[in-house]
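Biologist: Please take a close look at the aromatic rings of this model and at the surroundings in which they are set. I should like one connected account that proceeds from the rings to the core, and then to the pocket and the backbone.

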Amino acid sequence: MSDDGIVEIYADGACKGNPGPGGWGAVLRFGDKEKELFGGEPNTTNNRMELLAVISALTALKRPCKVLIWTDSQYVQKGISEWIHGWKARNWVTSTKAPVKNADLWRQLDVIAAKHEVEWRWVKGHAGHPGNEHADALANRGVESLRAPG
């Protein structure tokens with residue numbers, strides 16, 4: 001792994017209705033470089049968009065990196081840091097014997113995150129944190145990108 005520094009990622013999801021049209025956004029920062037990513041799906045959930053934001057950001061990295069990911073989703077932060085170990089041990093079933101929701105995305109995130117050295121940080125959403133606000137704006141652009149041109 002390179003010691004060139006840390007890639008900071010701010011990721012967020014948005015949904016207009018839950019389920020409903022949704023978007024995801026991510027800002028990747030490395031030194032003085034910044035990359036914006038966003039996308040959307042016509043019928044999805046907020047949690048799926050939160051997961052797609054971090055999956056898309058990690059997928060954009062071209063080599064193994066040290067990564068600091070900021071998310072306002074406790075679902076994502078706790079899911080990847082704590083809950084996923086039990087889900088995998090129980091073959092993607094929760095402690096209450098229910099199938100894990102969004103298991104397809106959790107599996108993708110598990111594989112892509114393993115390629116990097118990742119630290120997960122939670123930040124309060126809509127509280128003026130510049131990176132989170134930027135990611136939120138991109139997630140909303142993702143929703144807007146679904147609208148047919150006028």
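**The aromatic rings and their surroundings**

Modeller: With ring centres required to lie within 6.5 Å, the count in this predicted model comes to five aromatic pairs. One of them joins Trp 87 and Trp 92: the ring centres are 6.5 Å apart and the planes stand at 40 degrees, so this pair is classed as tilted. Both descriptors are needed, since a pair of aromatic rings is described by the distance of the centres and the angle of the planes. Trp 87 and Trp 92 are both buried. Ring pairs also connect these two residues with Tyr 75, Trp 83 and Trp 106, forming a cluster.

Trp 92 deserves separate attention. Trp 92 is located in the loop between H2 and H3, and its relative accessible area is 12%; because the limit for a buried residue is under 20%, Trp 92 counts as buried. Its backbone has a phi near 60 degrees, a positive value in a residue other than glycine. Asn 102 belongs to the loop between H2 and H3 as well, and its phi is near 65 degrees, again positive in a residue other than glycine. With a relative accessible area of 15%, Asn 102 is therefore buried too. As background, most residues other than glycine have a negative phi, and most peptide bonds are trans. A cis peptide bond is present between Asn 18 and Pro 19, with omega of about 15 degrees; Pro 19 is in the loop between S1 and S2.

Trp 106 leads from the ring cluster to the nonpolar interior. The largest nonpolar core comprises 33 residues, and Trp 106 is among those with the most contacts inside it, together with Ile 9, Leu 58, Leu 109 and Trp 120. Two or more residues of this core come from each of strand S1 (6-15), S2, helix H1 (46-60), strand S4 (66-71), helix H2 (74-89) and helix H3 (103-113). H1 contributes the most to this core, with eight residues. Such an arrangement has a general background: in soluble globular proteins, nonpolar side chains tend to be buried together.

Ile 9 illustrates the packing. Apart from neighbours within four places in sequence, Ile 9 is in contact with Val 27, Leu 28, Ala 57, Leu 58, Val 67, Leu 68, Ile 69 and Trp 70. A second, separate core has seven residues, including Leu 68 and Trp 70 along with Tyr 10 and Ala 135.

Leu 28, a contact of Ile 9, also helps to line the largest pocket, as do Val 7, Phe 30 and Cys 65, among others. This pocket holds about 290 Å³ of space. Strand S2 (20-30) and strand S3 (33-44) each give at least two residues to its lining. By class, the lining has six nonpolar residues, six charged residues and no polar ones; the charged residues include Arg 29, Lys 33, Glu 34 and Arg 63.

Cys 65, in the loop between H1 and S4, has a relative accessible area of 7% and is therefore buried. The C-alpha atoms of Cys 65 and Phe 38 are 21 Å apart in space, and the two residues are 27 apart in sequence.

Conventions
Residues numbered from 1 in each chain as written. Predicted model: local features only at pLDDT ≥ 70, side-chain atom pairs only at ≥ 80, totals over all residues. Heavy atoms only, no water. 1 Å grid on protein atoms, 1.4 Å probe; cavity = no way out; pocket = protein on both sides within 12 Å on 5 of 7 lines; lining within 4 Å. Points joined across faces, edges and corners; volume = space filled by probe spheres on them. Helix = DSSP H or I, 4+ residues; strand = E, 2+ residues; numbered from the N terminus. Core = buried A, V, L, I, M, F, W, Y, C linked by side-chain atoms within 4.5 Å. Buried < 20%, exposed > 50% of the residue type's maximum accessible area, 1.4 Å probe, protein only. Contact = heavy atoms within 4.5 Å. Phe/Tyr/Trp six-rings, centres within 6.5 Å; stacked < 30°, edge-to-face > 60°.
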